[in-house]
Amino acid sequence: MFFPQAVMVGSDIRYTDTLCFRNKGTEVDGHSPETWMVCQWFHESKGASTTKIRTVLGLREAEQRSCILLNINVSKKLLPITTLTRDEFLAVWWQLVMSHRTFWKKGMHHCDVSPSNLMGYRLDGRFIGIINDYDLSSTTRDSSRGLERIGMIPFISLHLLVPQAIADKVEHIYYHVAESLIWVLTWICLRYENGKLLRKNRPLDDWLTVDAMGCHEKKTSFLARLRSMRPTPSHQQNFDVAMQCLAVIYKYTGPFAFVPADDEEVFLIWLQNHVPALLREGNPFSGQ
């Protein structure tokens with residue numbers, strides 16, 4: 001439940017786009033909360049307009065500003081993917097990677113990738129991944145160039161944890177998100193055992209207590225010590241995939257590294273090339 005501005009052009013476009021994707025039967029069908037037919041309920045409460053409040057208080061430009069209306073979102077109960085383990089976790093993570101890629105190609109750019117935004121629900125014995133929280137996403141029709149640094153610091157691309165990006169002077173592009181998806185995979189493999197957050201001896205906690213530049217330093221150090229990292233038993237083989245993806249991040253982190261400009265090439269090099277063939281072919285379980 002929240003109180004958005006009455007004029008929400010960008011948000012309206014996003015809801016329309018996701019519904020359109022579902023109707024066309026694309027890969028994103030079922031992987032966004034907005035694709036459900038009854039997930040959104042908008043109720044305009046005319047008496048709750050904050051324009052009236054601002055007018056009574058004598059605030060300037062009260063009438064020119066749009067009013068705030070009650071918006072209640074209704075959806076199925078979603079579970080975090082951190083509750084998953086082994087084959088099922090990797091299959092759902094890859095499912096979400098593919099769905100995000102399809103959204104991106106369709107012009108919807110969700111840049112706030114974190115474990116809390118990758119969720120899902122069970123249907124007929126299968127876990128369906130959901131990309132959640134589109135409030136800060138943008139579309140190719142938006143006027144914004146996507147210069148704002150969006151997301152939780154531990155999962156933001158190293159290329160966005162530098163002074164120029166912190167000053168909102170670097171445009172969000174696909175490889176930034178591809179890297180974020182890898183950091184999420186790594187985070188869960190090291191910190192969750194059998195679907196639960198470790199109680200003690202939990203690695204990467206210090207990433208949560210530093211600013212952007214501090215996190216850049218810690219993540220760079222982490223990459224240099226990658227071979228010494230030990231995943232939890234329930235994510236042992238998933239971490240093998242993470243290690244291969246992290247090796248690509250390490251390779252392209254240096255000041256003279258050239259990141260491919262083509263999004264599809266980035267998708268292949270950063271992500272797809274390191275996923276088991278059975279997953280790429282659509283078999284959710286690799287028989288680990």
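## Salt bridges and a buried helix

Asp205 is partly exposed, with a relative accessible area of 28%. In this predicted model, Asp205 forms a salt bridge with Arg202, and the closest N and O atoms of the two are 3.1 Å apart. Arg202 is likewise partly exposed, at 27% relative accessible area. Both residues belong to a network of salt bridges that also includes Arg191.

The structure holds five salt bridges. Side chains of opposite charge can pair when their charged atoms come close. Three of the pairs are listed below with the separation of their closest N and O atoms.

| Acidic residue | Basic residue | Closest N and O atoms |
|---|---|---|
| Glu88 | Arg122 | 2.8 Å |
| Glu264 | Arg101 | 2.9 Å |
| Asp205 | Arg202 | 3.1 Å |

Glu88 and Arg122 form a salt bridge. Because Glu88 lies in helix α3 (residues 86–105) and Arg122 in strand β5 (residues 118–123), this pair ties together parts that are 34 residues apart in sequence. Glu88 is partly exposed at 22% relative accessible area, and Arg122 is also partly exposed, at 44%.

A salt bridge also joins Arg101 to Glu264. This pair links distant parts of the chain, with Arg101 in helix α3 and Glu264 in helix α8 (residues 263–271), 163 residues apart. Arg101 is buried, with a relative accessible area of 5%, whereas Glu264 is partly exposed at 33%.

Helix α5 (residues 174–191) has 18 residues and spans 26 Å from its first C-alpha to its last, close to the expected 26 Å. Of its 18 residues, 18 are buried, so helix α5 is largely enclosed by the rest of the structure.

Technical notes: Residues are numbered from 1 along each chain as its sequence is written. This is a predicted model: local features need pLDDT of at least 70, side-chain atom pairs count only at pLDDT 80 or more; totals for chains, interfaces and linings use all residues. Side-chain values use heavy atoms; hydrogens and water are left out. Helices (H or I, at least four residues) and strands (E, at least two) are DSSP runs, numbered from the N terminus. The expected span of a helix is 1.5 Å times one less than its number of residues. Buried means under 20% relative accessible area, exposed over 50%, partly exposed in between (1.4 Å probe, protein chains only). A salt bridge is a side-chain nitrogen of Lys or Arg within 4 Å of a carboxyl oxygen of Asp or Glu.
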